[in-house]
Structures are given as structure tokens and as C-alpha cells.
Amino acid sequence: ALAKKFGSEHTLIDFVCEIKDELGGITVTNVRDFVNIKLSDATAAELEHRPVEYDTGVTLTPGRYSIKFLARDDETGRIGTYQTEFVIPNLNKEVRRVPISTVVLSSERKSLKDAIYTADRQKDKARNDASNPLVQDGSKLVPSVTRVFSTGRLMYVYLQAYAGAPAAAGPANAFIAYVSLFRQGRKAYESESLALTPLPQSRLGTVPFSFRIELGDLESGEYLCQVTVLDPSGNRAAFWDSAVMLIH
């Protein structure tokens, strides 16, 4: 919107990402993308109230890493940076708990046709969308960064559990998962349990769980969102939790 105010017909955002091996400090991979967003009056007005979402993907072996991320608006010269550490677990060595992915919380699914830009080349985009677990049936789950949700909308919860390979499908190998919301130490909501078996021919024995949480009956305020995954046949479990805010 600021670039549009200055008379520009587009804004070019430069994204730079560097991932380093935390133990050796060696740069493992770099990513750099230029995103050219055409600034029509409608697009500029929309971007005054909505964020620009950027995502990319890299393949890493198990280990501890650090990531540095930079975004620069070439039209205005403004820069934003972010840095954090993360761990890629070795799923084959996890025997006490159920291995699970990062849990994604979201308040919206967006059609891929509504994207105001694409950083992928067209031939790469179809392949990347097909391998992206957040893309389903032509729409993409947009992760919530703030984890603030309106009680007038759905909250989506997505994660994957991993049975390991080879994983034989069947009732005895079903994983069970459910979502709970706690307020001031008391359970305010619990979803129905989902019992799913690993995807056929999945190398990791992937079990995808997707929840749609109705928030309309809940009061506004801070909650603890907890996801529970059970493996009855292996007598294992996994728990994940995060603070979320509900507003009217």
C-alpha cells in the first residue's frame, strides 16, 4: 500500500533464507526468491489489511539447525528479519512416543487461484503443490502466525503421525487423535476422536489428521490448545500444546 501511494505499479519483495548446521556452523542451503506483486487498486487496498504469505521448502537430514530469514521491499527499502533454531527428528529412533509433525493451526483455506503472486516456475509449482501436505483439493491451508482466532470462524488443525515403514494398514494399526481446548485449567472443548490407518504405500507410514473446530460456543480469551495422538497397538502416545487467543 505504501508503494502504491508513492505511485508504483508493483512492489518487488526479496526473500532470502539461510539454513546452517547448528553443530558445525556450516551453511546447508540457501534460498532466494524475488516476488513481483502487481499493485492494482484492489490489490493495494486488500494488502492494507491482510499479510503477504510466503513459503518455500527444503529437504534436510535429521539434526539441529538454525535459520535466518530476511524480507526486503525493494520499492520502500523496508527490511524485516527473523532467526530461530529447529530440530529435524530421526523418526526411526523415536520408540517411546508417537512421532508427529509440526502441528499447523489455521483459520482459513484459500483457493490456489486466488494467489496474488507465485514464486515458483509454473512447471515446479504443480510438483510442489502435489508434495505440499497443506494443499488439498485445490485449496491451501494458511498457517496462523499470531494464533489468534475469531469465534465466528472455524479453526483448522492439521498434523501427521508416522507409524514407520513398512506399516501394514488395518484396524489393529489405527492411530487415534483428538483436540482439546483448556481455559484456566478446565477443559472447555474436546473434538471427536479420529481413528486412521497409515496411507497405503507411504514410506514413513504417514497418518494425516485434519480437524475443523467450531468456536462459536466458546468465550473469548486465552486457551491452551492440546493435540493428543495415541498408538494403541504400540502402547505409545504424543502430546502437543500451544496457547491460542479467541476473540469475538
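In which strand does Met245 lie? Met245 belongs to strand S15, which covers residues 236-247. The legends below describe a predicted model, beginning with the chain as a whole and then turning to individual sites.

**Figure 1. Overview of the predicted chain, with 3 helices and 15 strands.** The chain has 248 residues, of which 33% are buried. Among contacts with a separation of 6 or more, 68% are made by residues 24 or more positions apart. The accessible surface amounts to about 15,400 Å². Carbon and sulfur atoms contribute 50% of this surface.

**Figure 2. Close-up of a nonpolar surface patch formed by Val148, Met245 and Ile247.** Together, the three residues present about 210 Å² of accessible area. Met245 is located in strand S15 (residues 236-247). Its relative accessible area is 32%, so Met245 is classed as partly exposed, a class that lies between the 20% limit for buried residues and the 50% limit for exposed ones. In a regular strand, side chains alternate between the two faces of the sheet.

**Figure 3. Close-up of the hairpin formed by strands S3 and S4.** Strand S3 spans residues 63-73 and strand S4 spans residues 79-88. The two strands run antiparallel and are joined by 10 bridges. One of the paired positions involves Tyr65, whose bridge partner in S4 is Phe86. Between the two strands there are 5 residues. The turn includes Gly77, which has a positive phi of about 80°.

**Figure 4. Close-up of Gln184 in the loop between strands S10 and S11.** Strand S10 comprises residues 175-183, and strand S11 comprises residues 186-190. Gln184 adopts a positive phi of about 55°, although this residue is not a glycine. Most residues other than glycine have a negative phi. With a relative accessible area of 74%, Gln184 is exposed, because the threshold for that class is over 50%.

**Figure 5. Close-up of Asn235 in the loop between strands S14 and S15.** Strand S14 covers residues 221-231, while strand S15 covers residues 236-247 and contains Met245 of the nonpolar patch. What is the phi of Asn235? The angle is near 55°, a positive value in a residue other than glycine. The relative accessibility of Asn235 is 71%, and this residue therefore counts as exposed.

Key. Residues numbered from 1 in each chain as written. Predicted model: local features only at pLDDT ≥ 70, side-chain atom pairs only at ≥ 80, totals over all residues. Heavy atoms only, no water. Helix = DSSP H or I, 4+ residues; strand = E, 2+ residues; numbered from the N terminus. Buried < 20%, exposed > 50% of the residue type's maximum accessible area, 1.4 Å probe, protein only. Contact = heavy atoms within 4.5 Å. Areas by Shrake-Rupley, 256 points an atom, 1.4 Å probe, with all protein chains shown as cover. Patch = residues over 30% accessible without salt bridge, like charges linked within 9 Å, V, L, I, M, F, W, Y side chains within 5 Å. Salt bridge = Lys/Arg side-chain N within 4 Å of Asp/Glu carboxyl O. Pairing = 2+ DSSP bridges.
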